[in-house]
Structures are given as structure tokens and as C-alpha cells.
Amino acid sequence: MFGADDANIKIDRRQLLRGQIRNQLPPLRPPWAQTENSFVALCNRCDDCVNACEAGLLFRGSGGFPEIRFQSAGCDFCGDCLQACTTNALHAPVPAPSLAWHHRAVIADSCLSRNGIVCRSCAEACDSDAIRFQLQTGGRATPLLNLEHCNGCGECLAVCPNHSISLEIPEAQ
């Protein structure tokens, strides 16, 4: 889910020509990216941030703009992409993980552990201890997610064997 300022997302020409006429969420941009409209206006698609990412998480996405993918690892918020960006499309007063983005992990009902299969891969990979498991009767364990500890690094996405974890922006409460 995206916040209120993202609710007015408009489809662009490319989406229209591809038949994607429903409002679609913008792709996950690199850490410290400006709002989507500002990011697209400022980014010159030079690939400097993509080339700076030693973990290989950034790639050239739709329209040539950088996106992040958590298939093999999570972001350690090293700041290399931020330093490589010369257009201010990626900008932060301080390159702190807490300022990288508002995305947080969400665990779907398809989680193996929620369905009685022993798996705790996400908790083992989570350096911020945002994911823990609470034992239930019958030997099951339910994943508990602490959004205050989650920094949206994506480590849990990379290791989830069932792809039951996604990153979303929590709704304002």
C-alpha cells in the first residue's frame, strides 16, 4: 500500500499503450529516492547508481529508470548508490537506513510457518530482529513482525522460499 500522496498516481503513455490502464504502484526505487514524480524528473538514467551497487540489487527497469530487486540479497544501505547519484534523484541529509525509504515487510498468509511447515528463514536473515516467531499449540510458530524495527532492507524477501514476503508502505495510523 502506498501513502496518501501516492494515491493520485496517473497512468503514463507507456502503460496506456501496453494496456495497463489500472493505477499501478510505482516500482521500488533505490534507497533514498525522491518521491516518484520528483525521482523521474531528476533521474537522467545514467546507471551510476546501478553500477555503484556492489550487491547487484539495482537494475535498469521500465523506461531505463533504476529499480531494486531482492532476489539474492537485501540492501545493507552502504550509501554507494546515494554517493554515485549526481542529479539528486537519490538524496538524504544523512545516509541512515531509517531514512532510506518507508517500505516495511509484510508477511502473507501463504507463509510456510503459518501453514504448519517449519521455516524461520526470514527471522534468521533479519539483522534488525524485526521478525520473531511465537510458538503456538501443536508445535506451530507464527511470525511476528515489529514494524518499528523493520528497515525494509529486503533480506527476508531474498531468503523466503515461498515468496510470502513483500515490501509495502504502511498506512498512516
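The accessible surface of the protein comes to about 10,600 Å², and 49% of that area belongs to carbon and sulfur atoms; areas of this kind come from the Shrake-Rupley method with a 1.4 Å probe, and for residues only the protein chains shown count as cover. The structure is a predicted model, in which local features need pLDDT of at least 70 and side-chain atom pairs count only at pLDDT 80 or more, while totals for chains, interfaces and linings use all residues. Residues are numbered from 1 along each chain as its sequence is written, and side-chain values use heavy atoms, with hydrogens and water left out.

Of the 173 residues, 38% count as buried, where buried means under 20% relative accessible area, exposed means over 50%, and partly exposed covers the range in between (1.4 Å probe, protein chains only). The secondary structure comes to six helices and six strands, taken as DSSP runs numbered from the N terminus (H or I, at least four residues, for helices; E, at least two, for strands). Along the sequence these elements follow the pattern α-α-α-β-β-α-β-α-β-β-α-β. Contacts (heavy atoms within 4.5 Å) can also be sorted by how far apart the partners sit in the chain. Among contacts between residues at least 6 apart in sequence, 60% join residues at least 24 apart.

A good place to start inside the protein is its nonpolar core. In soluble globular proteins, nonpolar side chains tend to be buried together. A nonpolar core is a set of buried Ala, Val, Leu, Ile, Met, Phe, Trp, Tyr and Cys residues joined through side-chain atoms within 4.5 Å. The largest such core has 39 residues, and I68, F70 and I165 touch the most other members. At least two residues of this core come from each of α3 (48-52), α4 (80-84), β3 (104-107), α5 (121-125), β4 (131-135), α6 (155-159) and β6 (165-168). Leaving out residues up to four places away in sequence, F70 touches L28, C75, W101, G152, C153, G154, L157, A158 and L167.

F70 also belongs to an aromatic cluster, together with W32, F77 and W101. A pair of aromatic rings is described by the distance of the centres and the angle of the planes. Rings of Phe, Tyr and Trp (its six-membered ring) pair if their centres lie within 6.5 Å; planes under 30 degrees apart count as stacked, over 60 as edge-to-face and the rest as tilted. Four aromatic pairs are found in the whole structure. In one of them, W32 and F77 meet edge-to-face, at 6.1 Å centre to centre with 75 degrees between the planes. W32 lies in the loop between α1 (13-17) and α2, and F77 in the loop between β2 (66-68) and α4, so this pair ties together parts that are 45 residues apart in sequence. Both W32 and F77 are buried. F77 and W101 have ring centres 5.8 Å apart and planes at 70 degrees, so they too make an edge-to-face pair. That pair links F77 to W101 in the loop between α4 and β3, 24 residues apart, and W101 is buried as well.

Another buried aromatic residue is F39, which is found in helix α2 (residues 36-42). F39 counts as buried because its relative accessibility is 1%. Beyond residues up to four places away in sequence, F39 touches R29, P30, A33, Q34, F65, P66, A89 and L90. F39 and N88 are 49 residues apart in sequence, yet 8.3 Å apart in space, C-alpha to C-alpha.

Strands β4 and β5 (residues 141-145) run antiparallel and are joined by five bridges; two strands pair if DSSP finds at least two bridges between them. Across these strands, F133 has P143 as its bridge partner, and Q134 has T142. The two strands form a hairpin with five residues between them, and G138 in the turn has a positive phi of about 85 degrees. Q136 sits in the loop between β4 and β5 and is partly exposed, with a relative accessible area of 36%. A polar atom of the Q136 side chain lies 3.5 Å from the backbone oxygen of Q134, while Q136 also touches A141 and T142.

The hairpin has a neighbour in S113, which lies in the loop between β3 and α5 and is in contact with C119, F133 and A141, leaving aside residues within four places in sequence. S113 counts as buried because its relative accessibility is 5%. The S113 side chain reaches the backbone oxygen of A141 at 2.4 Å.

Conventions. Polar contact = N/O pair within 3.5 Å; in protein donor to acceptor, adjacent residues only side chain to side chain.
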